[in-house]
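Hello,

Please find the structure below, as agreed. My notes follow it.

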Amino acid sequence: MATQRSDVLVLGGGVIGLACALRLLQAGATVRIVEQGTVGGGASHGNCGTLTPSHAIPLLTPGALRRAFAQMAQRDAPLHIHPRPELARFLWLARLARQGRRARAEEAAVARATLLRSSMELTQSWIDEMSLACEFSARGTLYVYRDAQAFRAASGHAQWLERLGIEARACDDDELQAMEPALKPGMAGAYFHPDDAHLRPEAFVAELARRVRELGGVIEESARIERVHANGRQVEAVRTHRGVYAGERMVMALGAWSPQVGRMFGMRLPMQPGKGYSLTWSRPSRAPSRPLMLSEKGVCAVAWSSGFRLGGTMEFSGYDTQLNESRIKAIRRAADAYLHETSGPVLQEMWWGWRPMSVDQLPIIGESRRWSNLIFATAHGMLGMSMAAGTAEIVTALCRGVAPDIDIRAFRPARFRL
């Protein structure tokens, strides 16, 4: 079987891999993407498409994991950890809890904010310059609270964002009703983040794939990686059941599959798949005009001209492939407490996908310490859409042998000896 070669071989055809391939092609490299399933078919497909500098603060801050565990008995709790014993998952969760200390969270927030802001600017410029048809809108995000105590407690979070240079404006119920008639009256309040935006994610990845092909990039779909061929510190090629592929440089952008493929490279990536769910309908008559985070329930409601989606929850159940209907029902119950209309006329899709969650809540981006030609671009958690363009810029700089425009020390694989 002849080896097919390119300057850069990108492993993974989700939003991160596609963005990296596009930027590398623009820089003059020949690029091939090896995708294990269908391009954009994983976590890039059914998420809510929010671009959120407002998510700069890590999900798990001091005390947050403890509160999440306390809520697990509730049927509609945002976090669910499968009770089936699995040593690797529980060791990862224990390690995650240690990462929740304030100093670590502060450092992570600064790094995340820098990448999120850079990526937002790049994403907007890509959409404008390449005329990407993805229903992009820069109308901000509303984080809505029904409970007065939860709203008051969120003020510390808002102040933290302000210190990071990310605007968080408090709104009372009267302001909310004027801004967002899709909401029921009687909310305790909200925080408005005007720097956020949103797009339709499956349209965005389809447009990225279109541009990659137009620029001469090749996308190999249904090419499951079976073996890695190495020589010394160099990865020579990867073998799939469709063919053997090589690149002078390789980019690991496999999302939640990174730990499994990483073992073929002789590495253990400290990641777990965090399953999220969504339901998509045709657009209702009283659709939100901007993304709404239904904060107490961890659910996002977002509408485009082409549809309406509810998404959320974080389920740690390993590589379980079942659609958990209780989680779907929890999303719908949560939305009913906030919205006048929680569905559109036609249900288009019920979906789940694995988010690639790192143990320190930071992506893994940078050159491998072990393999001289391998670059990581993975573990973006719930922020793949938000960080894709910025990650692509970093990866392209590294492939060209120049320093990225932003400080990437916090993202380096060396922190995990990779």
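**Helix 1 and its neighbours**

Helix 1 passes helix 8 in a left-handed crossing. This is a predicted model. The axes of helix 1 (residues 15–26) and helix 8 (residues 201–214) come within 9 Å and cross at roughly 30°. On the helix 1 side, the contact is formed by V15, L18, A19, A21, L22 and L25; helix 8 contributes F204, V205, L208, A209, R211 and V212. By class, that contact has 11 nonpolar residues, one charged residue and no polar ones.

Helix 1 also meets helix 11 (residues 384–400), with axes that come within 8 Å and cross at roughly 40°. That angle makes helix 1 oblique to helix 11, and the crossing is right-handed. Here helix 1 uses V15, I16, A19, C20, R23 and L24. The helix 11 residues in the contact are G384, M385, A388, T391, A392, E393, V395, T396 and C399. The contact of helix 1 with helix 11 divides into 10 nonpolar, three polar and two charged residues.

**A pocket**

The second largest pocket has a volume of about 430 Å³. It is lined by 16 residues, and A88, L269, P270, M271 and Q272 are the closest to its centre. Which elements each supply at least two residues of this lining? They are helix 4 (87–98), helix 9 (258–264) and strand 13 (271–281). Helix 4 gives the most, with four residues. By class, the lining of the second largest pocket has 10 nonpolar, two polar and four charged residues.

Regards

Terms used. Residues are numbered from 1 along each chain as its sequence is written. This is a predicted model: local features need pLDDT of at least 70, side-chain atom pairs count only at pLDDT 80 or more; totals for chains, interfaces and linings use all residues. Side-chain values use heavy atoms; hydrogens and water are left out. On a 1 Å grid over the protein atoms alone, a cavity is a set of points where a 1.4 Å probe fits but cannot get out, and a pocket is an open set with protein on both sides within 12 Å along at least five of seven lines; lining residues have an atom within 4 Å of a point. Grid points are joined across faces, edges and corners, and a volume is the space filled by probe spheres set on the points. Ala, Val, Leu, Ile, Met, Phe, Trp, Tyr, Cys and Pro count as nonpolar, Asp, Glu, Lys and Arg as charged, and the others, Gly among them, as polar. Axes are lines fitted to C-alpha atoms, for helices over the stretch in contact, and angles run from 0 to 180 degrees between N-to-C directions. A crossing is left-handed if the near helix is turned anticlockwise from the far one by less than a right angle, and right-handed if clockwise. Contact means heavy atoms within 4.5 Å. Angles under 35 degrees count as roughly parallel, over 145 as roughly antiparallel, 65 to 115 as roughly perpendicular and the rest as oblique.
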